[in-house]
Amino acid sequence: MKIRFNYQGAIFLLLISIFNLLFTFKTISQISYGGIPKSFQATTISRSVQTVVMSPVNIDSLIQEDSTFSGGAFRYGYLIPVDFGLTNIGTWDTLEDGGRLWRLEIISNGALGIELIYDSFWLPDGANFFLYNENKSVVIGAFTSKNNKEGKKFATMPIENDKIIL
């Protein structure tokens, strides 16, 4: 999984980049199936969730680098490669109905938004995957086994915030 953190820049460039992504990377488009994350309703889950704070991005350096760039697509974010998965990070809880819930909080201080890009995306039948911001005002998902992209890239839309919960 790679995480793309948005940094300060012109909204126009962001819109052009999103437009380009929508029409260039058909293999990473997302379809979500709605619903409410179990973590919003569950009463027996941990209040604390494992949190990963990403290293700060030097925005001034990126802006300086971009000022010398000519041609090609505009950069609207910065990729930070990570190796996060259900077995090596996150907080697991058992729900009242015996189901299991996995959560992870990712923080990138100062980021305008966070987008996730998966090298390979796979969920078992019956699983629902959501992402949301800290105050739960933005929720994307549910992603399900219908979204499985084993061996193909899968991306979520950017969530505007410097903190997200998976």
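**Exercise 1. How much surface does the chain expose, and what share of it do carbon and sulfur atoms supply?**

*Solution.* The chain exposes about 9,900 Å², and carbon and sulfur atoms supply 55% of this area. Accessible areas come from the Shrake-Rupley method with a 1.4 Å probe, and for residues only the protein chains shown count as cover.

Two remarks on the model apply throughout. The model is predicted: local features need pLDDT of at least 70 and side-chain atom pairs count only at pLDDT 80 or more, whereas totals for chains, interfaces and linings use all residues. Residues are numbered from 1 along each chain as its sequence is written, and side-chain values use heavy atoms, with hydrogens and water left out.

**Exercise 2. Describe the secondary structure and the burial of the chain.**

*Solution.* Step 1: the chain has 3 helices and 11 strands. Helices (H or I, at least four residues) and strands (E, at least two) are DSSP runs, numbered from the N terminus.

Step 2: read from the N terminus, the order of elements is β-α-α-β-α-β-β-β-β-β-β-β-β-β.

Step 3: of the 166 residues in the chain, 39% are buried. Buried means under 20% relative accessible area, exposed over 50%, and partly exposed in between (1.4 Å probe, protein chains only).

Step 4: contact means heavy atoms within 4.5 Å. Among contacts between residues at least 6 apart in sequence, 77% join residues at least 24 apart.

**Exercise 3. Work out the order and pairing of the strands in the open sheet.**

*Solution.* Step 1: the sheet is formed by 5 strands in the order β2-β6-β11-β8-β9, with mixed pairing. Its edge strands are β2 (51-53) and β9, each of which pairs on one side only. Two strands pair if DSSP finds at least two bridges between them. Strands of a sheet pair through backbone hydrogen bonds, either parallel or antiparallel.

Step 2: strand β6 (residues 105-107) is joined to β11 by 3 bridges, and the two run antiparallel. Within this pair, I106 has I164 of β11 as its bridge partner.

Step 3: β11 (residues 163-165) is joined to β8 by 2 bridges, again antiparallel. Here Y132 is partnered by I165 of β11.

Step 4: between β8 and β9 (residues 139-143) there are 3 bridges in an antiparallel arrangement, and L131 has I140 of β9 as its bridge partner. The hairpin of β8 and β9 has 5 residues between the strands, and K136 takes a positive phi near 65 degrees there.

**Exercise 4. Are the residues of strand β8 buried or exposed?**

*Solution.* Step 1: in β8 (residues 129-133), 5 of its 5 residues are buried.

Step 2: both faces are covered, with F129, L131 and N133 on one side and F130 and Y132 on the other.

Step 3: for the adjoining edge strand β9, 4 of the 5 residues are buried, so β9 is largely enclosed by the rest of the structure.

**Exercise 5. Trace the surroundings of S39.**

*Solution.* Step 1: S39 belongs to helix α2 (residues 38-41). With a relative accessible area of 12%, S39 is buried.

Step 2: leaving aside neighbours within four places in sequence, S39 is in contact with I45, L101, R103 and Y132.

Step 3: the side chains of S39 and Y132 make a polar contact at 2.9 Å. A polar contact is a pair of N or O atoms within 3.5 Å; within protein, one must be able to donate a hydrogen and the other to accept it, and residues adjacent in sequence count only if both atoms are side-chain atoms.

**Exercise 6. How many salt bridges does the structure hold? Describe three of them.**

*Solution.* Step 1: the structure holds 4 salt bridges. A salt bridge is a side-chain nitrogen of Lys or Arg within 4 Å of a carboxyl oxygen of Asp or Glu.

Step 2: R103 pairs with D93, the closest N and O atoms being 2.8 Å apart. R103 lies in strand β5 (residues 100-103) and D93 in strand β4 (residues 91-94), 10 residues apart. R103 is buried at 6% relative accessibility, and D93 is buried at 8%.

Step 3: D119 pairs with K153 at 2.9 Å between the closest N and O atoms. D119 is partly exposed at 36% relative accessibility, and K153 is partly exposed at 37%.

Step 4: K163 and E134 meet through their side chains at 3.0 Å, N to O. K163 lies in strand β11 and E134 in the loop between β8 and β9, so the pair ties together parts 29 residues apart in sequence. K163 is buried at 17%, whereas E134 is partly exposed at 45% relative accessibility.
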